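This briefing goes through one protein model, moving from single residues to helix packing and then to the chain as a whole. Please keep the sequence and the structure in view while reading.

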Amino acid sequence: MAAAMQCAPGAHAVTNGTAANRASRSVLRAAASQQATPTPTLGAFPSEYDTAVRQAQLAVKAALADGHKLLEVEFPTAGLTAAQGDGDGQNEMNWSMGYLKKFLAAFSDEAESVRVFFPDNIELAVARSGQTSDPSAGRQALDAVFDSSTKFRLGYLTKQSAAWAVLGMNLGNKFRPSDLVKDADKMFVVAYPSFNPREELSATRQLYDAAAGPKGRPLIIFNGELDRLRGGYYPGLFFPELAKITEEFLPKVEAAYYIHNFKGSRPGALFRAYPGPWQVLRRSPIDPEATQCIWTNDTRPTLKQVSLEILPHS
């Protein structure tokens, strides 16, 4: 594993001011000068979701300013100290939808040229109209989040019937998300393509290959739970499509904003806000919100390295 910088006790790492992130630094300075409220420190782990969303907005804009076109925003939705999966799957998608709307506020001036792709046409209908509660399924009621007043362009990655959607299957459908793209679209945001990753991430790659990459349009993957692919959750023998995405597509993704929490006897978090370095934070077992930076590096560590090598020896 690459040698890493050690954080001073209680300190948070900052970037080293290279020419590569001059554009991103100018974006952050401009944001600070335009805000009536203080701009959150990108290197500090957020204590509330409003701060996390604002950090994600600044990090994405900084990465875009530096020329990155394929970005990842990832953070837990059941709590900033939670792990993915701590909440019910349907509710986690609902929470992601709400945070996505807040995140998109940073692009409201460009809304008519930003197309948001939901996992499927059924989830798009939920975004537009809301849903009723279903206690037996653990599903909470949800008001319309992207109603008729939204100026963002909306679409979906896969097209399903309600019957097949329950099983996470989409048999015999030749729909491609790039079919929905218009010439006026300048940026794509893919919303939480994690419920059925084989289809939704394959569709995300199709969208990138056909409509984003060749024309230089940015594509942001919002809470896609890409770590399940990076960590080998889906064996390549049984999921060859996902193996190809892991090998060929994921290495192109720049993590603009990222939080992954570790539980157990040595709790902590892996955190990054572009253009800053990767940080490993040790979390107090007594007070989960108390964190201390113990490791930083410009190279992304694997989750296995964090859990087995960094946190145990801090």
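Does Thr-77 count as buried or exposed? Its relative accessibility is 4%, which is under the 20% limit, so Thr-77 counts as buried. The model discussed here is a predicted one, with an average pLDDT of 87 for the protein and a score of at least 70 for 82% of the residues.

**Thr-77 and its surroundings**

- Thr-77 sits in the loop that runs between strand 1 and helix 3, and this loop residue is nonetheless buried.
- When neighbours within four places in sequence are set aside, the residues in contact with Thr-77 are Tyr-49, Glu-92, Trp-95, Ser-96, Tyr-99 and Asn-223.

**Thr-158 and Gln-160**

- Thr-158 belongs to strand 3, whereas Gln-160 lies in the loop that links strand 3 (153-158) to helix 5 (162-167).
- Thr-158 has a relative accessible area of 5%, and because this value is under 20%, the residue is classed as buried.
- Gln-160, with a relative accessible area of 8%, is likewise under the 20% limit and therefore buried.
- The side chains of Gln-160 and Thr-158 are joined by a polar contact of 3.5 Å.
- Thr-158 can also be placed relative to Phe-117, which is 41 residues away in sequence, with a C-alpha to C-alpha distance of 9.3 Å between the two.

**Gly-231**

- Gly-231 is located in the loop between helix 7 (227-230) and helix 8 (240-249).
- The relative accessible area of Gly-231 is 66%, and because that is over 50%, this glycine counts as exposed.
- Although Gly-231 and Leu-303 are 72 residues apart along the chain, their C-alpha atoms are separated by 7.5 Å.

**Helix packing**

- Helix 3 (residues 89-104) and helix 4 (residues 121-129) have axes that come within 12 Å of each other and cross at roughly 55 degrees.
- An angle of roughly 55 degrees falls neither under 35 degrees nor within 65 to 115 degrees, and the two helices are therefore described as oblique to each other.
- The crossing in which helix 3 passes helix 4 is right-handed, and the contact is made by Gln-90, Met-93 and Met-97 on the helix 3 side and by Glu-123, Val-126 and Ala-127 on the helix 4 side.
- In helix 8, the buried residues are Leu-242, Ala-243, Ile-245 and Phe-249.
- These buried residues of helix 8 pack against two strands, strand 1 (70-74) and strand 5 (219-222), as well as against helix 6 (197-212) and helix 7.

**The chain as a whole**

- The protein contains nine helices and nine strands, and 48% of its 314 residues count as buried.
- Among contacts between residues at least 6 apart in sequence, 68% join residues that are at least 24 apart.

**Confidence and its limits**

- Over residues 8-20 the pLDDT stays under 50, and for this stretch the model has 24 contacts beyond four places in sequence.
- Where pLDDT is low, predicted coordinates should not be read in detail.

Methods: Residues are numbered from 1 along each chain as its sequence is written. This is a predicted model: local features need pLDDT of at least 70, side-chain atom pairs count only at pLDDT 80 or more; totals for chains, interfaces and linings use all residues. Side-chain values use heavy atoms; hydrogens and water are left out. pLDDT is the predictor's confidence in each residue, from 0 to 100. Contact means heavy atoms within 4.5 Å. Helices (H or I, at least four residues) and strands (E, at least two) are DSSP runs, numbered from the N terminus. Buried means under 20% relative accessible area, exposed over 50%, partly exposed in between (1.4 Å probe, protein chains only). A polar contact is a pair of N or O atoms within 3.5 Å; within protein, one must be able to donate a hydrogen and the other to accept it, and residues adjacent in sequence count only if both atoms are side-chain atoms. Axes are lines fitted to C-alpha atoms, for helices over the stretch in contact, and angles run from 0 to 180 degrees between N-to-C directions. Angles under 35 degrees count as roughly parallel, over 145 as roughly antiparallel, 65 to 115 as roughly perpendicular and the rest as oblique. A crossing is left-handed if the near helix is turned anticlockwise from the far one by less than a right angle, and right-handed if clockwise.
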